[in-house]
Amino acid sequence: MLKPRSWLPWAAALVLCTGCAGMKEYNPVTLIEGKGASALSDGVKSYDDGNYDKAQKSLHSALEQGLSLKSDQVKAHKYLAFTYCVNHRERPCREEFKKALEIDPDFELEPAEAGHPLWGPVFRSVKTRK
């Protein structure tokens, strides 16, 4: 048999959870990051899926919508650079890295990214000219 007060937390949890059933599902990342965050997320996912044209469209859209966090702006430019580099378009790849570095001069690629044979040398070249 439960003590009279031991059931109280369980009852409170049950009451709180019953209100959750009818709630609309929200993406907390989108709520925190604001405008353009969904397009940024879509762009990164499209890039990861190898759909570089779709990634470019989503990433440009994210930037046009006005990403509020500088880290998100840098991320969008970084992934745009990646999409251009994998398509052997060095000039726009270089330009996107320049834009990322203008936003955050301390920006660095992750170690695995920095060693990539297509965009690693391009990034290092842009970084040393800053």
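Biologist: Why is the disulfide of cysteine 85 and cysteine 93 called left-handed?

Modeller: Keep in mind that this is a predicted model. The torsion about the S-S bond of cysteine 85 and cysteine 93 comes to about -75°, so the disulfide is left-handed.

Biologist: And what makes cysteine 85 and cysteine 93 a disulfide?

Modeller: Their sulfur atoms are 1.9 Å apart, and the cut-off is within 2.5 Å, so the pair counts. A disulfide is a covalent bond between the sulfur atoms of two cysteines.

Biologist: How many disulfides does a search of the whole structure find?

Modeller: Just one disulfide turns up. Cysteine 85 is buried, and cysteine 93 is buried too.

Biologist: OK, on to charges. Why do you say arginine 94 and glutamate 90 form a salt bridge?

Modeller: The closest N and O atoms of arginine 94 and glutamate 90 are 2.7 Å apart. The rule asks for a nitrogen within 4 Å of a carboxyl oxygen, so this pair qualifies.

Biologist: What separates arginine 94 and glutamate 90 along helix H6?

Modeller: About one helical turn, because the two sit four residues apart in helix H6, residues 90-103.

Biologist: What makes arginine 94 count as buried?

Modeller: Arginine 94 has 16% relative accessibility. Buried means under 20%, so the label fits. Its partner, glutamate 90, has a relative accessible area of 44%, which lies between the 20% and 50% limits, so glutamate 90 is called partly exposed.

Biologist: Which side chain meets glutamate 108 in a salt bridge?

Modeller: That would be lysine 127, at 3.2 Å from N to O. This pair links distant parts of the chain, 19 residues apart: glutamate 108 is in the loop between H6 and helix H7 (111-114), while lysine 127 is in helix H8 (residues 120-129). Glutamate 108 has 48% relative accessibility, so glutamate 108 counts as partly exposed.

Biologist: What about aspartate 49 and lysine 45: are they buried or exposed?

Modeller: Both aspartate 49 and lysine 45 are exposed. Their side chains also meet in a salt bridge, 2.8 Å from N to O.

Biologist: How many salt bridges does the count come to?

Modeller: Six salt bridges by this rule.

Biologist: Last one. Why is serine 58 called buried?

Modeller: Serine 58 has a relative accessible area of 13%, and anything under 20% is buried, so serine 58 makes the cut. Serine 58 lies in helix H4, residues 52-65.

Biologist: Which residues does serine 58 touch, not counting those up to four places away in sequence?

Modeller: Serine 58 touches Ala39, Asp42 and Gly43, with residues up to four places away in sequence left out.

Terms used:
Residues numbered from 1 in each chain as written. Predicted model: local features only at pLDDT ≥ 70, side-chain atom pairs only at ≥ 80, totals over all residues. Heavy atoms only, no water. Buried < 20%, exposed > 50% of the residue type's maximum accessible area, 1.4 Å probe, protein only. Contact = heavy atoms within 4.5 Å.
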